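Okay, everybody, thanks for coming. I'll put the structure up first, and then we'll walk through it together.

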Amino acid sequence: MNFLVKAAVVAAALGASAAASADTFDFSYTFSDGQQITGSLDGTLAGTTINNITDLQVSLNGIAFAGGTDAGGATSLAIYGYDTTNQTYDALASFSTVSSQNNFMIADENPNTTVPNYLFSFTNDPVFGTTVEGANFLQSDSFSGPGSTQTAIDFADNGTWTVTPAPVPLPAALPLLASGLGLFGFARRRRAAQ
Amino acid sequence: MQSNSTTLRPTLVAAAVALAIGSTSAFAAPSLVKGTIGGTYFTPPVISDNPATAAASSTVPSVYAGAKVCFDLNDNGVCDAGEPYTMSSVTGSFTLSTRTLAPLVAEISTSATNNGHPVVNRNVFRVKAEQISAATVNPLLAVAVDVTPLTTEIARSMEADALSFGDARDHLAQRLNVASDEVLLAPTKVQDLAAQPAIYQESVVDTGRFELAARFVDRGTASGVKDGEQQAMNLESIPRYDNIFIIILENKDSSVIYNTQYTPKITALLQNGNQFYSYYATGVPSEPNYTALGGGDDWSISDDDWWTCNSLPGGTGYNAGSNASNFVSATAIQDLPIPSATSVATGSPGCGGSDAAAHNIVGKPNLFNALSSHGMKWRVYSETMTPGQDPRIDSIGSNSIVGTDADGASLTLPNQLYRVKHHPGMAFQNVRSAPEFYTSNRTLGGGDWDAAIAAKVQASVQAGTPILWPNSSGVRNDPTSVWNVDQFSADLQSGDVGTYNFLVPDQCDDMHAVGNATDTNTPYVSGAGGNTGADCTGNAILRRSDNYVQKIVNEIEASPLWTNPYRRVAIVVMFDEGSATSGYRGCCGWNTNNNSNIGQTPLIVNADGSTSPDAAYPVPFYYKGNPGHGESVFGVITNQQPNQGNGGTAPQQQFDSDYYSHFSFVRTLQDMFGLSDPGQPASYMGRSKYTESFIAANLLNLPEYNGSADPHFDSVRPMNHAYVFPAGAVRKQAPSAAAAYLVTGPDPTQTNLWALK
């Protein structure tokens, strides 16, 4: 009985620790012409804004960006904030569950210093309005869509934007519980042996 | 409607953003574009001799689906393998990206559709990279860029005139009198109702020109798309004009006009503009010349028995039910309603001619049908018409309309100041049957009787029985359709003139004369012989007409059309015929030496390029036509000449002594307005197709040219000054040519007098 109580306390503590560091969110934008951006990220939801974003994964029309290498070296996705005053991408990213609050670009290279191979941007400019776009400039890899590039663009947010917490997959929770119980069991056996 | 405002993203902050971007990166700017392949769907008019089956054209804004749009990375006007491309959707939309800023090209093949209709002729539209750049805020922010005929024209003009994108865009917008951002939009997105007509028409015209360009590329006569576009806008080196005003005068050879005491103003116009020194008429008298000016052949007409001359009560002509053989295939239904006699006349002059030719030309091509088939408007402005009259019959006099001439004399209105025979489209049945016929025939002011006519019209309005335009549906500027004695002035101000405008002064102002005060002149109205001032005859009529021409030129030059530096506008001062009846009386497509060996019917070019007599529409006594006549002055003034003050650089005060004729002029007009394809001789109407090479290739069917002693003199060419006379060459000229026009050897310059820069 004592063992079970301790195990439950430890499990709760792990769970609480996970919630404080990041949750996983799925997002998607379906353009007015049917093209679609889908992806996921880890971050912390504060109100309607997700901060501390890591582990970005994005697909354009179902084709995921898996990283690659170009003349500048290895590439991987990161998020950049859109500066509505200067129309540059060097501000704090605003990734929101509310589309009108978005101002970001997810790109595989820093858009302030080079041209990314891959980008998904969602901006709300006070002068020019909303622009949502996905583009894959790569011309000779698995991203190649119609022609040799892919592009999806909406002006004025004509598509559908959704951000939802990702469900925790049950098979992934069981090993966690088992490992916790194992730790308790190991500790108990050590104390018994002492 | 004119505005410098723009709703596009870049223009407000482009400079600041460019600085910001430039300060943080040096990478090649990518392009993320979403747009529409747009244009217009033009339904050509139904050209028919029968007004019941003729139909007007229509134009609607459109989108092209299934067009291949690409970033043209090597800027060659072609979507090459490896260049990013996509296909436009059913709504004409596309999205496309490239890492490197590049022009856009839309290849519109015959497998694409235009508003759902199959594309008949391949075409290519373009957008310059500078346009995309100008629309770009941040290279990584997408921009909306449509690909249209107008963006293609902007690209072409940038390349032709070394213009910046902004200048090319603004020049086009100002030429069309619309806002700058509107010329960048797919026509379906142009919301400004006032701007739509000009943009739609420009789209139709540009579409036709760029179809020609694609054809030149496919044919191998253009080195590429860009070269093809430049060729298509300068067919046979004749540049595209927006408007031409042709002032036609009567029956004077060049020696009577050029540098004489009677016509100092016309002389000055000729000298300050450009002159063609060896211009020949088609025949004698008036009607064959005007008919030739309308369609490149006189169809054997060799007198002035205009088609309704004996149609009025008392006459014995076709419309009176007899002598039908004079009118080929003419039946009553072909010109219903038959010109009304009772509304404007009670008598008939009868016809005294004897050429036995068909004066009602059926089923033949002409400039009027061709212009409307290419989305352009034509106008014939005639002076001193009878208020409310049908333009298919001559004007009539009236003792109740009393004018005042320059000397202050009171003059009653004489008959026939307006003559059907002086109308270049009147002999063509399919012109008279066209839906736009009545609205395209308008009035020209400046006559001695204008004030009296206007007073009569005003009185009719006050009496509740207004005198209206004939057969009017209210489509003229005047919404009430009340007769306007000077519609030309109103149209000059509103811009509602035609692309082609034929200005016909009355017979006192065109040097023809209708007789003097004692001449009863076969009056239509009993007792209304009318009288004209002493300046409507003799040498005085030259001075009178000299003043009138200057008046009309001044009016055109004061118009918003002329002073718009980005429009291309020309005035032509010319005569229907000269006076020579012997010697070198004609050139350039004429029936050499009045050769009776001419084919018995006009020549047609078959689909396989072969020629044969036109069995479907034989022309009686064809060999009697086109005998040639001349020479007369021909001057060109354009608003692009430096002395016009618009900042233009077109040639001025130049001359061209090569041989030209009405057929040459008709060919030139076909080039000027993109009505024909220089690679297809058959696309030129009538005898205007009779170039030296065409005659040589079809000599068996052109017996009148067999044994020609001077093929260059006898053949047709556009008026482009391309031919260089050999050293010592003496011009073949009529005895009546102006002495100053007699030159030998090459001309001092080979300047194309129609050139715009």
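**Walking through the model**

So, chain A to begin with: among its contacts with a separation of 6 or more, 45% are between residues 24 or more positions apart. Before I go on, keep in mind that this is a predicted model. In terms of secondary structure, chain A has 2 helices and 14 strands. It has 194 residues, and 32% of them are buried.

One backbone spot in chain A deserves a look. Ala156(A) has a phi near 75 degrees, which is positive, and this isn't a glycine. Where is Ala156(A)? It's in the loop between β13 (150–155) and β14 (160–165) of chain A. And is Ala156(A) buried or exposed? Exposed, because there are just 10 other C-beta atoms within 10 Å.

Right, now how the two chains meet. On the chain B side 27 residues are in contact, and they touch 27 residues of chain A. On chain B, the elements that each supply at least two residues to that side are α1 (10–24), β1 (31–36), β5 (85–87) and β6 (93–98). β6(B) has the largest share, 5 residues. If you split the chain B side by residue type, you get 14 nonpolar, 10 polar and 3 charged.

On to chain B itself. The domain assignment gives us domain 1 (10–232), plus domain 2, which comes in pieces: 243–302 + 359–457 + 485–591 + 627–684 + 716–741. Their C-alpha centres are 38 Å apart. In the contact between them, domain 1 of chain B puts in 25 residues and domain 2 of chain B puts in 20. On the domain 1 side, the elements giving two or more residues are α4 (165–176) and α5 (196–219) of chain B. Which of those gives the most? That's α5(B), with 8 residues. The make-up of this domain 1 side is 11 nonpolar, 9 polar and 5 charged.

Next, the packing. A bit of background for this part: in soluble globular proteins, nonpolar side chains tend to be buried together. Here, the largest nonpolar core has 214 residues, and the members touching the most others are Val69(B), Leu104(B), Ala106(B) and Ile247(B). Our friend α5(B) turns up again, with the largest share of this core at 10 residues. Both domain 1 and domain 2 of chain B give residues to the core, so it lies between them.

Let me zoom in on Leu104(B). Leaving out residues up to four places away in sequence, Leu104(B) touches Val33(B), Val69(B), Phe71(B), Asp72(B), Arg126(B), Val127(B), Ile132(B), Val145(B) and Val147(B). Apart from that core there's another one, of 6 residues, including Ile401(B), Trp449(B), Ala452(B) and Val485(B).

Now a sheet in chain B. It's an open one with 4 strands, in the order β2-β3-β8-β9, and the pairing is antiparallel. The edges are β2 (38–43) and β9 (117–118) of chain B; each has a single partner strand, so one side of each has no neighbour in the sheet. Further in, β3 (58–65) and β8 (113–114) of chain B pair antiparallel over 2 bridges. If you want to find that on screen, Ala65(B) has Thr113(B) in β8(B) as its bridge partner. And α5(B) comes back once more: it lies across β2 and β3 of chain B, at about 85 degrees to β2(B).

Last stop, the backbone of chain B, for those of you who like checking torsions. The peptide bond from Val284(B) to Pro285(B) is cis, with omega near 5 degrees. Pro285(B) is in the loop between β15 (274–281) and α9 (286–295) of chain B. There's also a cis peptide bond joining Gly630(B) and Glu631(B), with omega about -10 degrees. Glu631(B) is in a strand, β24 (629–638) of chain B.

Then there's Asn626(B), not a glycine either, with a positive phi near 50 degrees. Asn626(B) is in the loop between β23 (611–613) and β24 of chain B. So, buried or exposed for Asn626(B)? Buried, because 33 other C-beta atoms are within 10 Å. Put that beside Ala156(A), which is exposed with 10.

That's my tour, thanks for listening.

Technical notes:
Residues are numbered from 1 along each chain as its sequence is written. Chains are lettered from A and ligands numbered from 1 in the order in which they are written. This is a predicted model: local features need pLDDT of at least 70, side-chain atom pairs count only at pLDDT 80 or more; totals for chains, interfaces and linings use all residues. Domain bounds come from an automatic or database domain assignment. Two residues are in contact if their C-beta atoms, placed from the backbone, lie within 7 Å. Ala, Val, Leu, Ile, Met, Phe, Trp, Tyr, Cys and Pro count as nonpolar, Asp, Glu, Lys and Arg as charged, and the others, Gly among them, as polar. A nonpolar core is a set of buried Ala, Val, Leu, Ile, Met, Phe, Trp, Tyr and Cys residues joined through C-beta atoms within 7 Å. A residue is buried if 20 or more other C-beta atoms lie within 10 Å of its own, exposed if 12 or fewer, and partly exposed in between; C-beta atoms are placed from the backbone. Two strands pair if DSSP finds at least two bridges between them. Axes are lines fitted to C-alpha atoms, for helices over the stretch in contact, and angles run from 0 to 180 degrees between N-to-C directions.
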